[in-house]
Amino acid sequence: MSKEITTANVEKFAQNFDQSPKSNAIANTVAQNGILASSRNIASDVAMTPNFSVEIQTGAVANQKQSGRCWMFAALNTMRHPLQDQFKIKGFELSQNYTNFWDKFEKSNFFYENVIATADLPLGDRKVDFLMATPQQDGGQWDMLCALIEKYGLVPQSVMPETYNSSRSMELNATLNTKLRKDAVELRKQVAAGKSKVEISDAKEAMLSEVYRILVFALGKPPVKFDWEYTDDDKQYHIEKDLTPQSFFNKFVGWNLEDYLSLINSPTEDKPYDHLYTVDLLGNVVGGRQVRHLNLKIDDFKALAVKQLQAGETVWFGSDVGKSSDRKEGIMDTNVYQRDDLLDVDLTMTKAERLDHGESLMTHAMVLTGVDLVNGKPTKWKVENSWGEKAGNFKGYFIMSDSWFDEYVYQVVINRKYLSAAQQKVEADEYDKPVVLKPWDPMGALAL
């Protein structure tokens with residue numbers, strides 16, 4: 001039986017507040033400065049010094065500006081790091097706008113296909129509501145970026161540079177989502193009217209043609225063939241002629257993307273460790289690479305990130321960047337704020353409890369470029385962000401405590417060769433039959 005708040009309740013709570021001699025002082029501080037500033041722990045700054053026993057020099061950070069393309073920036077950063085060294089072109093960037101164009105185009109088709117597939121479900125069905133909530137957005141995951149590269153290749157940023165709409169994506173996203181929802185109305189009507197598959201396919205193709213036009217207006221036309229000129233760090237001029245996006249990727253990046261696997265740490269009861277998972281309705285390229293996650297215990301998960309860094313290769317990772325994070329200082333640490341002590345409450349939750357109850361999920365992708373090991377154990381990590389050099393006190397790099405890694409890092413991408421034989425076997429055995437999670441599962445969250 002429900003019970004309302006009574007006047008007696010409020011009087012009791014007020015008396016409890018007044019009984020503490022510190023209450024008024026704390027109230028004045030919090031009211032004037034906010035909860036986070038009032039609970040800021042200076043000791044965290046002392047612990048998070050920018051010194052690492054394992055460190056990969058990667059140059060200046062990139063800047064995604066007012067867009068949610070961190071997953072692209074982080075992935076392309078991991079690919080440009082060795083490219084910069086091999087070809088001696090410090091400051092080089094791959095075109096995030098090129099992958100952005102094809103991502104939005106493919107996501108539109110992915111949305112249309114799912115609208116058609118769920119057209120027999122009523123409005124108000126959770127799947128239909130999930131689709132209509134956000135037909136497409138900037139965010140994504142590692143496997144989605146791989147699907148784009150496998151189909152469309154890559155180009156240098158100078159070949160397809162940023163535009164107003166790639167760097168400030170709100171207007172384009174709003175316009176495109178309006179169109180996609182309007183098209184969803186029409187596609188559902190056609191299915192309900194019993195139109196043939198050919199008629200529905202023709203209607204979808206006309207819709208995609210309009211999406212393509214919108215994207216060209218907003219982002220530019222993706223190159224099919226191009227010449228690339230650059231001057232290396234030794235002041236030597238180079239020109240590569242008649243490149244395609246695929247030939248550029250093969251020659252200058254040369255990765256076998258199938259070598260890289262997404263690992264997650266999700267300690268929830270519904271996801272036993274050492275199994276492979278995918279997420280329903282998650283993806284961008286229809287018929288392309290499926291999103292797959294191998295769930296590992298935190299110690300195994302972390303050890304593989306250390307192993308890849310020790311081998312000289314940076315690590316893409318996904319985390320909940322907004323938790324216990326000081327953007328101004330560039331520090332991510334579970335002790336950076338002491339809200340519990342300030343407010344005299346217990347805000348402690350386990351990682352599993354936060355995931356299960358909507359308190360946390362992956363929100364942002366970045367790159368691990370270093371780790372500080374003491375007696376073989378990590379104490380802090382160096383992080384390359386994509387918020388430009390003005391974010392934090394370390395020219396755009398952040399420092400992450402090992403305790404923060406344990407609590408708020410959910411995903412890392414690791415070359416299969418670093419996995420144990422048992423881990424490789426699980427991934428191989430379950431590759432074609434991963435456990436399918438619900439579309440709204442936190443492991444299906446998109447990094448922005």
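**Exercise 1. Characterise the nonpolar surface patch and the position of Leu347.**

Ile35, Leu36, Leu343, Val345 and Leu347 make a nonpolar surface patch of about 370 Å². Such patches consist of residues with over 30% relative accessible area and no salt bridge, where like charges are joined within 9 Å and nonpolar side chains (Val, Leu, Ile, Met, Phe, Trp, Tyr) within 5 Å. Accessible areas come from the Shrake-Rupley method with a 1.4 Å probe, and for residues only the protein chains shown count as cover. The model is predicted: local features need pLDDT of at least 70, side-chain atom pairs count only at pLDDT 80 or more, and totals for chains, interfaces and linings use all residues. Residues are numbered from 1 along each chain as its sequence is written, and side-chain values use heavy atoms, with hydrogens and water left out.

Step 1. Leu347 is placed in the loop between helix H14 (339-343) and helix H15 (351-356); helices (H or I, at least four residues) and strands (E, at least two) are DSSP runs, numbered from the N terminus.

Step 2. Leu347 counts as partly exposed because its relative accessibility is 38%; buried means under 20% relative accessible area, exposed over 50%, and partly exposed in between (1.4 Å probe, protein chains only).

**Exercise 2. Which residues of the largest nonpolar core touch the most other members?**

Step 1. A nonpolar core is a set of buried Ala, Val, Leu, Ile, Met, Phe, Trp, Tyr and Cys residues joined through side-chain atoms within 4.5 Å.

Step 2. The largest core has 108 residues, and Met79, Leu368 and Met400 touch the most other members. Helix H5 (residues 70-87) gives the most to this core, with nine residues.

Step 3. Leaving out residues up to four places away in sequence, Met400 touches Leu368, Phe317 and Trp381, among others; contact means heavy atoms within 4.5 Å.

**Exercise 3. How many disulfides does the structure hold?**

Step 1. The criterion is a pair of cysteine sulfur atoms within 2.5 Å.

Step 2. The structure holds zero disulfides. Cys70 is in none, and the nearest cysteine sulfur, that of Cys146, is 15 Å away.

Step 3. Cys70 is buried because its relative accessible area is 0%. Cys146 likewise counts as buried, at 0% relative accessibility.

**Exercise 4. Analyse three salt bridges by the elements that they join.**

Step 1. A salt bridge requires a side-chain nitrogen of Lys or Arg within 4 Å of a carboxyl oxygen of Asp or Glu. By this rule, the count comes to 27.

Step 2. Asp234 and Lys88 form one of these, at 3.1 Å from N to O. Asp234 lies in the loop between strand E2 (226-231) and strand E3 (237-243), and Lys88 in the loop between H5 and helix H6 (96-117), so the pair ties together parts that are 146 residues apart in sequence. Asp234 is partly exposed at 43%, as is Lys88 at 42%.

Step 3. Asp103 pairs with Lys107, with the closest N and O atoms 2.9 Å apart. Both residues lie in helix H6, four residues apart, about one turn of the helix. Asp103 is buried at 0%, and Lys107 is buried at 6%.

Step 4. Glu407 and Arg354 form a salt bridge whose closest N and O atoms are 2.4 Å apart. Glu407 belongs to helix H16 (residues 402-408) and Arg354 to helix H15, so this pair ties together parts that are 53 residues apart in sequence. Glu407 is partly exposed at 27%, whereas Arg354 is buried at 6%.
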